[in-house]
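Hi,

Here is the structure I said I would pass on. Have a look at it first, and then read my notes underneath.

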Amino acid sequence: MYYQTHTELSVNDVANLLSCRDTYVYKCVRDKRIKLAKTDPYRIRFDEVLAYVESTLPPNFKTYYEQNEEIL
């Protein structure tokens with residue numbers, strides 16, 4: 001599945017992307033490690049998920065996001 005950086009995801013979608021439970025995503029939101037785009041219902045932008053993943057990697061690692069031209 002392809003996401004654009006501004007795509008808003010549900011907590012369940014983010015948990016599936018990160019291979020974790022919903023409760024861990026809620027904890028990251030409470031700890032301000034992931035910022036919300038909307039609060040009712042909770043929505044998280046895909047670029048926030050990318051930022052979170054990058055923040056958990058060692059300093060020498062980097063994620064690469066490639067825009068899929070088919071969805072633009």
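Below is what I found in it, starting with the overall layout and ending with the backbone oddities.

A word on the ground rules: this is a predicted model, so local features need pLDDT of at least 70 and side-chain atom pairs count only at pLDDT 80 or more, while totals for chains, interfaces and linings use all residues. Residues are numbered from 1 along each chain as its sequence is written, and side-chain values use heavy atoms, with hydrogens and water left out.

**Layout**

The chain has three helices and three strands, and they come in the order β-α-α-β-β-α along the sequence. Helices (H or I, at least four residues) and strands (E, at least two) are DSSP runs, numbered from the N terminus. Of the 72 residues, 25% are buried; buried means under 20% relative accessible area, exposed means over 50%, and partly exposed is in between (1.4 Å probe, protein chains only). If you take the contacts (heavy atoms within 4.5 Å) in the chain with a separation of 6 or more, 52% of them are between residues 24 or more positions apart.

**Helices H1 and H2**

H1 covers residues 11-18, and its buried residues are Val11, Val14 and Ala15. Looking down the axis of H1, these buried residues fall within an arc of 100°, so they line one face of the helix. (The arc is that of the directions from the helix axis to the C-beta atoms.) The general background is that an α-helix has 3.6 residues a turn, so residues three or four places apart point the same way. The cover over the buried residues of H1 includes strand S1 (8-10), helix H2 (22-30), strand S3 (42-45) and helix H3 (46-56).

H2 has a buried side too, with Val25, Cys28 and Val29. Those three cover an arc of only 100° around the axis, which puts them on the same side of H2. They pack against H1, S3 and H3. On the face of H2 turned away from the buried side you will find the exposed residues Thr23 and Arg30.

How do the two helices meet? H1 and H2 pack at an angle of about 105°, with their axes 8 Å apart. Axes here are lines fitted to C-alpha atoms, for helices over the stretch in contact, and angles run from 0 to 180 degrees between N-to-C directions. H1 and H2 are therefore roughly perpendicular to each other; the cut-offs are under 35 degrees for roughly parallel, over 145 for roughly antiparallel, 65 to 115 for roughly perpendicular, and oblique for the rest. On the H1 side the contact is made by Val11, Asn12, Val14 and Ala15, and on the H2 side by Asp22, Val25 and Tyr26. The residues of this contact divide into five nonpolar, one polar and one charged. For that split, Ala, Val, Leu, Ile, Met, Phe, Trp, Tyr, Cys and Pro count as nonpolar, Asp, Glu, Lys and Arg as charged, and the others, Gly among them, as polar.

**Salt bridges**

How many salt bridges turn up in the whole structure? The search finds three, taking a salt bridge as a side-chain nitrogen of Lys or Arg within 4 Å of a carboxyl oxygen of Asp or Glu.

- Glu8 and Lys38 pair up at 3.4 Å, N to O. Glu8 lies in strand S1 and Lys38 in strand S2 (residues 38-39), so the pair ties together parts that are 30 residues apart in sequence. Glu8 is partly exposed at 28%, and Lys38 is partly exposed at 44%.
- Asp31 and Lys27 meet at 2.7 Å, N to O. Asp31 is partly exposed at 42%, as is Lys27 at 38%.
- Asp47 and Arg45 meet at 3.0 Å, N to O. Asp47 is partly exposed at 27%, and Arg45 at 30%.

**Backbone oddities**

Most residues other than glycine have a negative phi, and most peptide bonds are trans. Here are some exceptions.

Ser19, in the loop between H1 and H2, has a positive phi near 55° and is exposed at 68%. Lys32, in the loop between H2 and S2, has a positive phi near 60° and is exposed at 71%. Finally, a cis peptide bond joins Asp40 and Pro41, with omega about -5°; Pro41 lies in the loop between S2 and S3.

Cheers
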